[in-house]
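User: Take a close look at the nonpolar packing in this model. Then follow the aromatic rings and the open space.

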Amino acid sequence: MVVTFDSTLLSRIEDAGLNASAPPQQRWLDGWLVRLSPGKAKRARCINAVANGRTGVADKLDRCRELYAAAGLPLYVRVTPFSLPPALDADLAGLGLVHEDDTRVMVTTDLPTPADAPLPPGHRLELLGHAAFASLVGGFRGSSRAECSAHAQRLAQSPVPYRACAIVDAEGVALACGQAATEGDLVGLYDVYTLPSARGRGLGSALCGQILGAARDRGARVGYLQVDAGNEDARRIYRRLGFADAYSYHYRLLPPLHQSAGAPDFQA
C-alpha cells in the first residue's frame with residue numbers, strides 16, 4: 001500500500017534532518033550549505049543545494065572543489081526533491097558527477113509506545129553519552145578514531161538534542177545501539193546498528209520501539225529515518241514499526257580525477 005504524506009510535513013522533516021546532521025564545519029556558499037565534517041556520515045560532509053543562488057552550478061562546484069580538496073574530503077552533492085534549482089540533478093550529471101547511494105526517507109505518524117516493543121528477557125536498555133555512543137557505534141562500523149571523534153563533536157554541538165542508548169545483555173555486552181534526534185513533535189532515528197552475531201533476535205525492533213516510545217512520551221508525534229534503499233532487512237523492521245516510504249534522495253560524486261583544486265575548471 002502506498003502512503004501519501006503532506007508535502008508541508010515532508011518539508012519540515014527535511015529541515016529537521018538537516019538540523020540533526022549539522023556539523024560544526026559548515027558554511028553557506030550562494031545558496032549551498034557546504035558541510036566539511038571529517039566524520040563518516042556522508043550527510044555531514046556533503047553539499048545541500050537549498051536555494052537557487054545567483055551564480056551557476058558549474059561556478060559553485062569550482063569554488064567547492066577547492067574547499068573539499070583543502071579539507072581532504074571527496075566532494076558529494078546531496079540531491080533531494082527539495083534541491084534547487086529543480087534541474088540540479090541533470091545539471092550535475094551533465095558536469096560528470098556520478099550517481100551514488102539511493103536512500104529512502106521513511107515516515108510514521110503512529111509512534112509505538114515502549115510497551116509495544118518489550119526487550120528480550122535478560123537484556124536492558126542503557127543510556128549513553130555522546131562520546132560513548134560515537135565510540136560504540138564507530139567500533140561496530142569500523143570507523144577510524146578521527147571519524148569517531150568527529151561524530152562525538154557533531155552530537156555534542158548539535159542544534160537539536162540527541163538521546164542515545166544501547167541494548168546490553170546479561171554480561172554487559174552491547175549488542176545493538178541507536179539514537180533519536182528530536183525537534184518539536186518530530187523524532188528522527190539515527191545510527192541504528194545491531195551486531196551481525198545478534199541479528200534475527202528482535203533486538204533491532206525492540207531498540208527502535210523503545211527509542212520511539214520514549215520520544216512519544218516526551219511529546220513526539222511523527223517519526224522519520226533515512227535508510228539505504230537496498231537494505232531490505234532494515235526496511236522490513238521499519239515497516240513493521242509503521243514506517244512507510246515518503247521520499248528519496250541520492251548523492252552526486254565528483255569523480256576522483258576532478259577532486260583536486262588543480263583540475264580543469266568546469267564548463268557550464
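Analyst: **Nonpolar packing**

Ile13 touches Val105, Val107, Leu186, Val222, Tyr224 and Tyr247, leaving aside residues up to four places away in sequence. Contact here means heavy atoms within 4.5 Å.

The model is predicted: local features need pLDDT of at least 70, side-chain atom pairs count only at pLDDT 80 or more, and totals for chains, interfaces and linings use all residues. Residues are numbered from 1 along each chain as its sequence is written, and side-chain values use heavy atoms, without hydrogens or water.

Ile13 belongs to the largest nonpolar core, which has 57 residues. Such a core is a set of buried Ala, Val, Leu, Ile, Met, Phe, Trp, Tyr and Cys residues joined through side-chain atoms within 4.5 Å. Buried means under 20% relative accessible area, exposed over 50%, and partly exposed in between (1.4 Å probe, protein chains only). Ile13, Val107, Leu189, Tyr224, Tyr238 and Phe243 touch the most other members. Helix α6 (residues 203–217) gives this core its largest share, seven residues. Helices (H or I, at least four residues) and strands (E, at least two) are DSSP runs, numbered from the N terminus. A second core stands separate; its 21 residues include Leu29, Ile47, Ala58 and Leu92.

Now the rings. There are seven aromatic pairs. Rings of Phe, Tyr and Trp (its six-membered ring) pair if their centres lie within 6.5 Å; planes under 30 degrees apart are stacked, over 60 edge-to-face, the rest tilted. Tyr238 and Phe243 pair edge-to-face, 6.1 Å centre to centre with 70° between the planes. Tyr238 counts as buried because its relative accessibility is 10%. Phe243 also counts as buried, at 2%. Tyr76, Tyr249 and Tyr251 form one aromatic cluster.

Arg78 places its charged end over the ring of Tyr249, 4.0 Å from the centre. This requires NZ of Lys or CZ of Arg within 6 Å of the ring centre and within 35 degrees of the ring normal. The charged end of Arg199 sits over the ring of Tyr193, 5.2 Å from its centre.

Tyr193 also lines the largest pocket: with Arg141, Val192, Gln226 and Asn231, Tyr193 lies nearest the pocket centre, among 49 lining residues. Elements giving two or more residues to that lining include α6, α7 (232–240) and β11 (244–253).

Note on methods:
On a 1 Å grid over the protein atoms alone, a cavity is a set of points where a 1.4 Å probe fits but cannot get out, and a pocket is an open set with protein on both sides within 12 Å along at least five of seven lines; lining residues have an atom within 4 Å of a point.
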